[in-house]
Amino acid sequence: SEISYDVARELFDIAVNMGTYRAGTFLQRALNLLNKHERLYPDLKVDGDIGPRTLSALRTLVKDKGAYTLLKMLNVMQGCQYIYLAETDQSQETNIWGWFRRVSIRKSISKRQEV
């Protein structure tokens with residue numbers, strides 16, 4: 001498969017709530033930060049398009065045991081966006097409790113999977 005189930009589920013959750021562009025840019029930003037100064041793969045253009053280069057980088061990162069950290073980073077970015085939305089639009093503050101129920105590392109990924 002192109003994307004692990006846990007990463008796909010997280011990206012789907014972000015896309016449903018924030019759009020596919022935001023899900024793609026969050027993924028690309030995280031992958032760029034986790035590429036060990038481009039030793040694992042070259043930096044990606046952050047354009048929101050989950051194309052062949054992004055998928056290749058994702059596969060390389062997962063092989064390097066980086067899925068758990070990637071999922072944490074995606075959740076942090078998601079949470080920061082929710083905070084920003086609530087701070088800049090007071091009407092969105094009512095959504096913050098529900099939004100933050102969505103921001104968590106699923107139990108199916110174990111930190112032990114990461115070296």
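Trainee: What makes the 20 Å reach of H2 close to the expected value?

Mentor: H2 has 14 residues, and from its first C-alpha to its last it covers 20 Å. The expected span is 1.5 Å times one less than the number of residues, and for H2 that comes out at 20 Å. Reach and expectation are therefore close. The helix itself is a DSSP run (H or I, at least four residues; strands are E, at least two), numbered from the N terminus.

Before we go on: this is a predicted model, where local features need pLDDT of at least 70, side-chain atom pairs count only at pLDDT 80 or more, and totals for chains, interfaces and linings use all residues. Residues are numbered from 1 along each chain as its sequence is written, and side-chain values use heavy atoms, with hydrogens and water left out.

Trainee: Which residues of H2 are buried, and what covers them?

Mentor: Buried means under 20% relative accessible area, exposed means over 50%, and partly exposed is in between (1.4 Å probe, protein chains only). In H2 the buried ones are Ala23, Gly24, Thr25, Phe26, Leu27, Gln28, Ala30, Leu31 and Asn32. Their cover includes helix H1 (5-18), H3 and H4, going by contact, that is, heavy atoms within 4.5 Å.

Trainee: Moving on from H2, where is Asn35, and why is Asn35 called buried or exposed?

Mentor: Asn35 sits in the loop between helix H2 (20-33) and helix H3 (52-63). Its relative accessible area is 2%, under the cut-off, so Asn35 is buried. Leaving aside residues up to four places away in sequence, Asn35 touches Leu40, Tyr41, Pro42 and Asp43. Asn35 is also 8.2 Å from Ala57, C-alpha to C-alpha, with their places 22 residues apart in sequence.

Trainee: What about His37 in that loop: buried or exposed?

Mentor: His37 is in the loop between H2 and H3, and at 73% relative accessibility it is over the limit, so His37 counts as exposed. Its phi is near 55 degrees, a positive value in a residue other than glycine. Glu38, in the loop between H2 and H3 too, has a positive phi near 70 degrees, again in a residue other than glycine. With 44%, Glu38 falls in the in-between range and is therefore partly exposed.

Trainee: How do you know that Asp64 and Lys36 form a salt bridge?

Mentor: The rule asks for a side-chain nitrogen of Lys or Arg within 4 Å of a carboxyl oxygen of Asp or Glu. For Asp64 and Lys36, the closest N and O atoms are 2.8 Å apart, so the pair passes. Asp64 is in the loop between H3 and H4 and Lys36 in the loop between H2 and H3, so the bridge ties together parts that are 28 residues apart in sequence. Both ends are partly exposed: Asp64 at 30%, Lys36 at 39%.

Trainee: How many salt bridges does this rule give?

Mentor: Three. One of them joins Asp6 to Arg9, with the closest N and O atoms 2.9 Å apart. Those two are three residues apart in helix H1, about one helical turn. An α-helix has 3.6 residues a turn, so residues three or four places apart point the same way. At 13% Asp6 is buried, whereas Arg9, at 26%, is partly exposed.

Another joins Arg102 and Asp13 at 2.4 Å, N to O. That pair links distant parts of the chain, with Arg102 in helix H5 and Asp13 in helix H1, 89 residues apart. Arg102 is partly exposed at 32%, while Asp13 is buried at 6%.

Trainee: What makes the pair of Tyr82 and Trp99 stacked?

Mentor: Rings of Phe, Tyr and Trp (its six-membered ring) pair if their centres lie within 6.5 Å; planes under 30 degrees apart are stacked, over 60 edge-to-face, the rest tilted. Tyr82 and Trp99 come in at 4.8 Å centre to centre with 15 degrees between the planes, so the pair is stacked. Tyr82 is in helix H4 (residues 67-88) and Trp99 in helix H5 (residues 96-102), so parts 17 residues apart in sequence are tied together.

Trainee: And what kind of aromatic pair do Tyr82 and Phe100 form?

Mentor: Their centres are 6.1 Å apart and their planes 65 degrees apart, so that one is edge-to-face. Tyr82, Trp99 and Phe100 make up one aromatic cluster. Tyr82 is buried at 1%, whereas Phe100, at 33%, is partly exposed.
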